[in-house]
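Open the model in your viewer and keep the sequence panel in view. The stops below say what to select and what is found there.

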Amino acid sequence: MKAAVLREYDAPLAIEDVPEPTPPEHGVVVDVEACGVCRSDWHAWKGHGEWADDAVERGQVLGHEPAGRVAAVGERVTEWAVGDRVAVPFSLGDGTCEHCVTGHGNRCSDGYALGFEAAVPGAFAERVAVPHADYNLAALPDALSARDAAALGCRYATAFNGLVERASVGPGDRVAVHGCGGVGLSAVQIAAARGATVVAVDVHEEPLALAADLGAAELVDASGDGGPASTAAAVRELTDGGAHVSVDALGRAETCRNSVRSLRRGGTHVQIGLTTDAEAGEVALPTDAMTRNELDWVGARGLSPTDYPALLRFVAGAAVDPGALVTREVSLEAVPARLAAMDDYETAGVEVVTEF
């Protein structure tokens with residue numbers, strides 16, 4: 001089958017034939033109908049993460065935001081049958097550790113990161129194997145297409161985890177989102193649907209316009225000459241003294257610090273964006289101000305598989321449209337070029353592979 005394989009960092013992914021996957025006894029194989037192209041794939045392609053012993057090895061099939069239909073079932077699987085429509089979380093648990101059994105499978109001690117490690121080749125491929133399927137898979141509602149389910153992917157799921165599960169955003173909250181890529185726009189839509197007033201921050205007009213379409217009440221163009229201090233000051237002014245919750249959805253030192261400085265006393269910073277090699281996993285913070293103002297800091301990575309039904313209920317009940325984030329459908333052969341376009345932030349919204 002065809003797949004996009006990481007052969008060399010920062011060189012085009014190789015589109016090549018790889019062996020067909022077979023289901024483990026506790027897993028399934030899914031025919032991939034759609035898979036998001038995510039900035040986390042870009043981090044892997046660039047070779048980032050060695051500072052956290054998290055660099056993706058060469059030879060990996062990338063892709064971690066798939067949706068499709070079950071094509072084959074392992075002998076110990078009881079909840080799924082061939083033909084079932086499913087979404088596949090990228091943070092896969094084994095279903096047995098202390099984190100999995102308490103509803104935090106994305107923190108599984110023996111878990112897998114789909115598309116980022118050799119044990120779980122990714123979904124930039126015609127088919128993908130998923131371990132511990134009874135724990136990990138989520139059934140897709142009839143009204144949700146595979147393309148739109150792929151848009152939920154790690155970005156929407158991580159934003160949901162950060163804003164809903166970790167920061168408990170609700171009506172009346174003022175929320176700032178720094179960086180309006182896929183995960184940032186997901187955060188905008190989710191926070192607005194939860195009843196918050198959202199301020200979106202970016203340096204480009206197109207993502208800011210998308211943020212407005214998705215529910216942002218105020219926009220801050222951070223491309224001016226005023227620097228980081230003026231960006232945080234603009235957010236504080238627009239939120240009447242500071243955001244209750246502020247999100248760094250990009251992972252740069254500047255956006256991280258801007259997010260913290262945008263908060264009101266007692267506010268919560270949510271870190272979603274991963275750093276690049278410029279930060280190498282560490283960012284200096286205004287810790288004295290964080291202490292004096294009793295600011296909370298939380299991180300969010302993916303979403304526990306057991307929380308996917310809550311995410312899908314939220315999408316249906318709040319009448320939000322994750323498909324509105326999709327700005328381009330591409331072929332598998334186009335993936336190398338679309339990753340390269342992320343170097344200079346030349347992508348907008350969420351791009352999804354729909355042609356294999």
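Begin with phenylalanine 314, which is buried at 11% relative accessibility. Bear in mind throughout that this is a predicted model. Now add phenylalanine 160 to the selection: the ring centres of phenylalanine 160 and phenylalanine 314 are 5.5 Å apart and the planes meet at 50°, so the pair is classed as tilted. Phenylalanine 160 belongs to helix H4 (residues 146–166) and phenylalanine 314 to helix H10 (residues 308–317); the pair links distant parts of the chain, 154 residues apart. Phenylalanine 160 is also buried, at 3% relative accessibility.

**Another aromatic pair**

The count of aromatic pairs comes to 2. Select phenylalanine 90 and phenylalanine 116, an edge-to-face pair with 6.2 Å from centre to centre and 75° between the planes. Phenylalanine 90 sits in the loop between strand S5 (85–87) and strand S6 (91–92), and phenylalanine 116 in the loop between strand S7 (112–113) and strand S8 (127–130), so the contact ties together parts 26 residues apart in sequence. Are these two rings buried or exposed? Phenylalanine 90 has 9% relative accessibility and counts as buried. Phenylalanine 116, with a relative accessible area of 19%, is buried as well; the cut-off is under 20%.

**A charge over a ring**

Next select tryptophan 42 and arginine 39. Arginine 39 lies over the face of tryptophan 42, at 4.0 Å from the ring centre.

**Salt bridges**

Side chains of opposite charge can pair when their charged atoms come close. How many salt bridges does the structure hold? There are 14 salt bridges in the structure, and the next selections visit some of them.

Select lysine 46 and aspartate 343. They form a salt bridge in which the closest N and O atoms are 3.2 Å apart. Lysine 46 is in helix H1, while aspartate 343 is in the loop between helix H11 (335–341) and strand S17 (350–355), so this bridge ties together parts that are 297 residues apart in sequence. Both ends are partly exposed: aspartate 343 has a relative accessible area of 29%, and lysine 46 stands at 21% relative accessibility. Add Asp10 to the selection, since Asp10, Lys46 and Asp343 are linked in a network of salt bridges.

Move to glutamate 8 and arginine 58, a salt bridge with its closest N and O atoms 3.3 Å apart. Glutamate 8 is in the loop between strand S1 (2–5) and strand S2 (14–17), and arginine 58 is in the loop between helix H1 (39–46) and strand S4 (66–73); the two are 50 residues apart, and the pair links distant parts of the chain. Glutamate 8 counts as partly exposed, at 45% relative accessibility.

Then pick glutamate 351 and arginine 328, whose side chains meet in a salt bridge at 3.8 Å, N to O. Here glutamate 351 is part of strand S17 and arginine 328 part of strand S16 (residues 326–331), 23 residues apart. Glutamate 351 is buried at 5% relative accessibility, whereas arginine 328 is partly exposed with a relative accessible area of 39%.

**Strand S11 and its neighbours**

Select strand S11 (residues 197–202). Of its 6 residues, 5 are buried, so the strand is largely enclosed by the rest of the structure.

Show strand S10 (residues 174–178) next: S10 and S11 pair in the parallel sense over 5 bridges. To find the register, look for alanine 176, which stands opposite valine 199 in S11. Following the chain from S10 to S11 takes you through helix H5 (residues 182–193), in a right-handed β-α-β crossover.

Now show strand S12 (residues 218–221), which pairs with S11 in the parallel sense over 4 bridges. Valine 201 stands opposite valine 220 in S12. The chain passes from S11 through helix H6 (residues 205–213) to S12, and this β-α-β crossover is right-handed.

**Last stop: a buried serine**

Finally, select serine 259 in helix H8 (residues 253–261). How accessible is serine 259? Serine 259 has 0% relative accessibility and therefore counts as buried. What does its side chain contact? Add serine 246: the side chains of serine 259 and serine 246 make a polar contact at 2.9 Å.

Methods: Residues numbered from 1 in each chain as written. Predicted model: local features only at pLDDT ≥ 70, side-chain atom pairs only at ≥ 80, totals over all residues. Heavy atoms only, no water. Salt bridge = Lys/Arg side-chain N within 4 Å of Asp/Glu carboxyl O. Buried < 20%, exposed > 50% of the residue type's maximum accessible area, 1.4 Å probe, protein only. Phe/Tyr/Trp six-rings, centres within 6.5 Å; stacked < 30°, edge-to-face > 60°. Lys NZ or Arg CZ within 6 Å of the ring centre and 35° of its normal. Pairing = 2+ DSSP bridges. Right-handed = clockwise from strand over helix to strand, strands pointing away. Polar contact = N/O pair within 3.5 Å; in protein donor to acceptor, adjacent residues only side chain to side chain.
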